[in-house]
Amino acid sequence: QVQLVESGGGLVQAGGSLRLSCAASGRTFSRYYMGWFRQAPGKEREFLAHINWNGDSTYYADSVKGRFTISRDNAKNTVDLQMNSLKPEDTAVYYCAAGAYYTIATMPNYWGQGTQVTVSS
């Protein structure tokens, strides 16, 4: 069992940056791929990025590639999402997720409760 708690959301102007963090409980954190998703009002949840067990492999959706960076610290049981060059269309609730390598991008096993990110124009 893994429990995930996101933090770091807030209001930022277009072009600005935010860093989201996700704290995981449990001693099995390093066994999971970790990912970030978001859901804007009226839209389906969107996969953004994932990172492998030891952090040396990452994958990004085209919508955030080059602007967002995912990272993890297995010693601290955290996974972060650095978001740069934010746009109003990045406004959404952002979710942290944990799963196996074959489920992380589609059907993660565990979800956080989400943190709101609002980008003003």
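## Contacts of Leu 4

Leaving aside its neighbours within four places in sequence, which residues is Leu 4 in contact with? In this predicted model, the residues that Leu 4 touches under that condition are Cys 22, Ala 23, Ala 24, Met 34, Cys 96, Ala 97, Ala 98, Tyr 110, Trp 111, Gly 112 and Gln 113. Both cysteines of the disulfide described below, Cys 22 and Cys 96, are therefore included in the contacts of Leu 4.

## Nonpolar cores

The largest nonpolar core has 30 residues, and those that touch the most other members are Leu 4, Met 34, Trp 36, Leu 81, Met 83 and Tyr 94. At least two residues of this core come from each of the strands β3, β4 (33-39), β5 (46-51), β7 (68-73), β8 (78-83), β9 and β11 (115-120). Apart from the largest core lies another one, of 7 residues, which include Tyr 33, Phe 37, Ala 61 and Tyr 95. In soluble globular proteins, nonpolar side chains tend to be buried together.

## The disulfide

A search of the whole structure finds 1 disulfide, formed by Cys 22 and Cys 96 with their sulfur atoms 2.2 Å apart. The pair links distant parts of the chain, given that Cys 22 belongs to strand β3 (residues 18-24) and Cys 96 to strand β9 (residues 92-99), 74 residues apart. The link of Cys 22 and Cys 96 is left-handed, with -80° about the S-S bond, and both Cys 22 and Cys 96 are buried.

## Aromatic pairs and charges over rings

In the whole structure, 9 aromatic pairs are found. For Tyr 33 and Trp 53, the ring centres are 4.9 Å apart and the planes stand at 90°, so this pair is edge-to-face. Because Tyr 33 lies in strand β4 and Trp 53 in the loop between β5 and β6 (58-60), the pair ties together parts that are 20 residues apart in sequence. The two partners are described by their accessibility: Tyr 33, at 12% relative accessibility, counts as buried, whereas Trp 53, with a relative accessible area of 37%, is partly exposed.

Tyr 101 and Tyr 102 also form an edge-to-face aromatic pair, with 5.1 Å centre to centre and 90° between the planes. Tyr 101 counts as exposed at 53% relative accessibility, and Tyr 102 counts as exposed at 59%. Elsewhere, ring pairs link Phe 37, Phe 47, Tyr 59, Tyr 95 and Trp 111 into a cluster. Over the ring of Trp 111 sits the charged end of Arg 45, 4.4 Å from the ring centre, while Arg 72 lies over the face of Phe 29, at 4.5 Å from the centre of that ring.

## Strand β11 and its partners

Strand β11 pairs with strand β2 (residues 10-13) in the parallel sense over 4 bridges, and Gln 13 stands opposite Ser 120 in β11. Strand β9, in contrast, runs antiparallel to β11, with 3 bridges joining them, and the bridge partner of Val 93 in β11 is Gln 116.

The covered face of β11 carries Thr 115, Val 117 and Val 119, and its uncovered face carries Gln 116, Thr 118 and Ser 120. In a regular strand the side chains alternate between the two faces of the sheet. Two bridge partners named above, Gln 116 and Ser 120, thus belong to the uncovered face of β11.

Notes. Residues numbered from 1 in each chain as written. Predicted model: local features only at pLDDT ≥ 70, side-chain atom pairs only at ≥ 80, totals over all residues. Heavy atoms only, no water. Disulfide = S-S within 2.5 Å. Buried < 20%, exposed > 50% of the residue type's maximum accessible area, 1.4 Å probe, protein only. Core = buried A, V, L, I, M, F, W, Y, C linked by side-chain atoms within 4.5 Å. Contact = heavy atoms within 4.5 Å. Phe/Tyr/Trp six-rings, centres within 6.5 Å; stacked < 30°, edge-to-face > 60°. Lys NZ or Arg CZ within 6 Å of the ring centre and 35° of its normal. Pairing = 2+ DSSP bridges.
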